[in-house]
Amino acid sequence: MNIVIPIKQVPETSNVKMDEETGTMVREGVESIINPLDLYGIEIGIQLKEKHGGKITVITMGPPSAEKALREAIAMGCDDGILISGKEFAGSDTWATSYTIAKSIKKIGNFDLILAGERATDGDTGQVGPGIASFLDIPLLTYVSNIKKVTDNSIIVERLIEEGYETSKAPLPALLTLVKEISFPRLPTLRGKQKAKKIDINFWSSKNMKLDDKKLGLKGSPTRVVKIYHPKVTRNGKFVKAENEDSLVKAVDQLVKFLRIKGVM
Amino acid sequence: MNYKGVWTIAEAAGGEIKSVSYELLNRGRKLADKLGSELISVLITNNVNNKTAEELILRGADKVYLINAPELENFIVENYSNILINLIEKYKPEIILSAATRAGRTLMPHIATRINAGLTADCTELDIEEKTGNLLQTRPAIGGNIMATIKTPDHRPEMATVRPKSTKPAPINESRKGKGKIMNIEFDSSLFDGRVERIAFEKNKDENVNIQAADIVVSGGRGLQKKENFALIKELADHLGGVVGASRETVDRGWISYPHQVGLSGKTVTPKLYIAVGISGAIQHLAGMKTSDTIIAINKDPEAPIFKVADFGIIGDLFEVIPELNESLKKEVE
């Protein structure tokens, strides 16, 4: 079973800092990590490889420093890394990103399954996984919480939707986006880390992928960001202490009053 | 560009229209009025009759495109995408809005990719730019730390998914009766893809798991100390007519199931009232709930970050506060 896993390098969310003047993110000094929701794809990919054999190619688009994310994925157990990098890709929105990744997967050629995260924790769109499936015209199964059965030419999965769990069957190749419930990502092993250190990462550009530059980067992106700002978070909250029986009763009374004002009661 | 009209993608299940469809009409009506264009609701489904679909008219749509077929009973993205692309190419809408539900967030990128349209995810504000008539789409990003306004200057249609509960459903206006038109759309059966098949469905046993559709969410965190103590949260939610949410840590410890999880690796909720009990408020949790209308926090640590986003807070031991609160609410009902 040949598996392709598109991943994204994101800033570690708990350390995001904003430049108050420009309203942009301060990237310096913020550690970049594999999008935490992509780790489920890597984990499931490795589990499937352990069971069925095959090869896992992990692929990302980003600056040369995104090589680190690929090596981390290889340290966990993936086999190959491809980094799509170049000025021509800068400013890609989800359309241009889906297009580029889909083209790169086409170039890889022989694949049975694509495993994507539900979304990335920085952009938060969840659009690239479905976009890749749509470009490649392969079945798309989103929000997968369980893989029930895999054969040579089909897959049965459980999808977590609002109303419950749906079981669906699709022929391979197919693309799945995965939710956290599916598994618990493993840590890299020492042997994996050594392998990851030595391995050659493949660098791909629009030239060796033979892509139409008009469809790449900002030029190929239908959307434009026109403004970025800080949301107001201050709510001028009212706080009361419940330290002893007396203040407890008072605090709860005030809370009930508050609920009444808000029309909840 | 010869694109006209605002479309909303309605959703239905079991022959009933879901209320997110009416939230979209609220958004869509304002945009259509600003542009001076028609508002059309598109409903791809099975077994929804014209009488049921009329409610979309009463709540603001000028037209309804109604597509019924047994093959469309369940959402299978390839089928819905083919049919919508067919309609889009025929009628050329300027704007398409869908709810940022699991179906909407699957369907819209599938379509946008193929028709080379711009798509913005999970918007919380929509407006029309005065000079250009472009759709201004505002959405939270980076875990809600920033808001970004996005537009699509040169491509049509402009597409967006809209965060459920970020606006009220458009109300029924009886005077609209007979003012709109329901069009039953015929289509070629070659548009059915047929590759993906739904073979089973297990409905949520616990009714309270659809936390994104709830007006009141009461969430428990690590402060609960053990699984059994979620009963306190459940009781509080029941008194208020709300549902139970949870922090990531409680889910990871197996105290409650994943569909309850609020936050970056769980669900984003925007209820009228969010009560956080024993949740310190890690940035990943705040990302999933900080756009709630009203937030109440109960935590014994006065420094807990959850208090920074709260409208009302009790600094105290949840094992004292919640039983007392439950007792008061019980009396209140009586």
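The centres of domain 1 and domain 2 of chain A, taken over C-alpha atoms, are separated by 46 Å, and I should say straight away that this is a predicted model. The domain assignment places domain 1 of chain A at residues 2–215 and domain 2 of chain A at residues 234–265.

Let me turn to the contact between the two chains, to which chain B contributes 76 residues and chain A contributes 68 residues. Which element gives the most to the side of chain B that touches chain A? That is helix 4 of chain B, spanning residues 102–115, with eight residues. If we sort the side of chain B that touches chain A by class, we find 37 nonpolar, 22 polar and 17 charged residues.

Next come the sheets, and I begin with an open sheet of ten strands, whose order is 13(A)-7(A)-6(A)-1(A)-8(A)-12(A)-9(A)-10(A)-11(A)-13(B) and whose pairing is mixed. Its edge strands are strand 13 of chain A, residues 202–204, and strand 13 of chain B, residues 197–203, each of which pairs on one side only. From one strand to the next, the twist averages 30 degrees. Within this sheet, strand 1 of chain A, residues 2–6, runs parallel to strand 6 of chain A, residues 55–61, and five bridges join them; the bridge partner of A:Asn2 in strand 6 of chain A is A:Lys55. Helix 4 of chain B, which we met a moment ago, packs on this sheet, where it touches strand 9 (140–150) and strand 10 (154–161) of chain A, and its direction makes about 105 degrees with that of strand 9 of chain A.

There is also an open sheet of four strands, with antiparallel pairing and the order 14(A)-10(B)-9(B)-8(B). Here the edges are strand 14 of chain A, residues 224–229, and strand 8 of chain B, residues 125–128, each pairing on one side only. Neighbouring strands of this sheet are turned against each other by 25 degrees on average, direction ignored. Where do the two chains join in this sheet? Strand 14 of chain A pairs with strand 10 of chain B in the antiparallel sense, over five bridges, and the partner of A:Arg224 in strand 10 of chain B is B:Lys151. Inside chain B, five bridges likewise join strand 9, residues 135–141, to strand 10, residues 146–151, and these two run antiparallel, with B:Ala141 standing opposite B:Ile146.

Finally, two helix pairs in chain A. Helix 3 (residues 94–108) and helix 4 (residues 128–136) of chain A pack at an angle of about 55 degrees, with their axes 8 Å apart, and because of that angle helix 3 of chain A counts as oblique to helix 4 of chain A. The crossing of these two is right-handed. Among the residues making the contact are A:Trp95, A:Tyr99 and A:Ile105 of helix 3 of chain A, and A:Ile132 and A:Phe135 of helix 4 of chain A; by class, the contact divides into nine nonpolar, four polar and one charged.

In the other pair, helix 2 (residues 67–76) and helix 5 (residues 190–198) of chain A pack at about 140 degrees, their axes lying 7 Å apart, so helix 2 of chain A is oblique to helix 5 of chain A. This crossing, too, is right-handed. The contact includes A:Arg71 and A:Ile74 from helix 2 of chain A and A:Lys193 and A:Ala196 from helix 5 of chain A, and its residues comprise four nonpolar, one polar and three charged.

Terms used: Residues are numbered from 1 along each chain as its sequence is written. Chains are lettered from A and ligands numbered from 1 in the order in which they are written. This is a predicted model: local features need pLDDT of at least 70, side-chain atom pairs count only at pLDDT 80 or more; totals for chains, interfaces and linings use all residues. Domain bounds come from an automatic or database domain assignment. Two strands pair if DSSP finds at least two bridges between them. Axes are lines fitted to C-alpha atoms, for helices over the stretch in contact, and angles run from 0 to 180 degrees between N-to-C directions. Angles under 35 degrees count as roughly parallel, over 145 as roughly antiparallel, 65 to 115 as roughly perpendicular and the rest as oblique. A crossing is left-handed if the near helix is turned anticlockwise from the far one by less than a right angle, and right-handed if clockwise. Two residues are in contact if their C-beta atoms, placed from the backbone, lie within 7 Å. Ala, Val, Leu, Ile, Met, Phe, Trp, Tyr, Cys and Pro count as nonpolar, Asp, Glu, Lys and Arg as charged, and the others, Gly among them, as polar.
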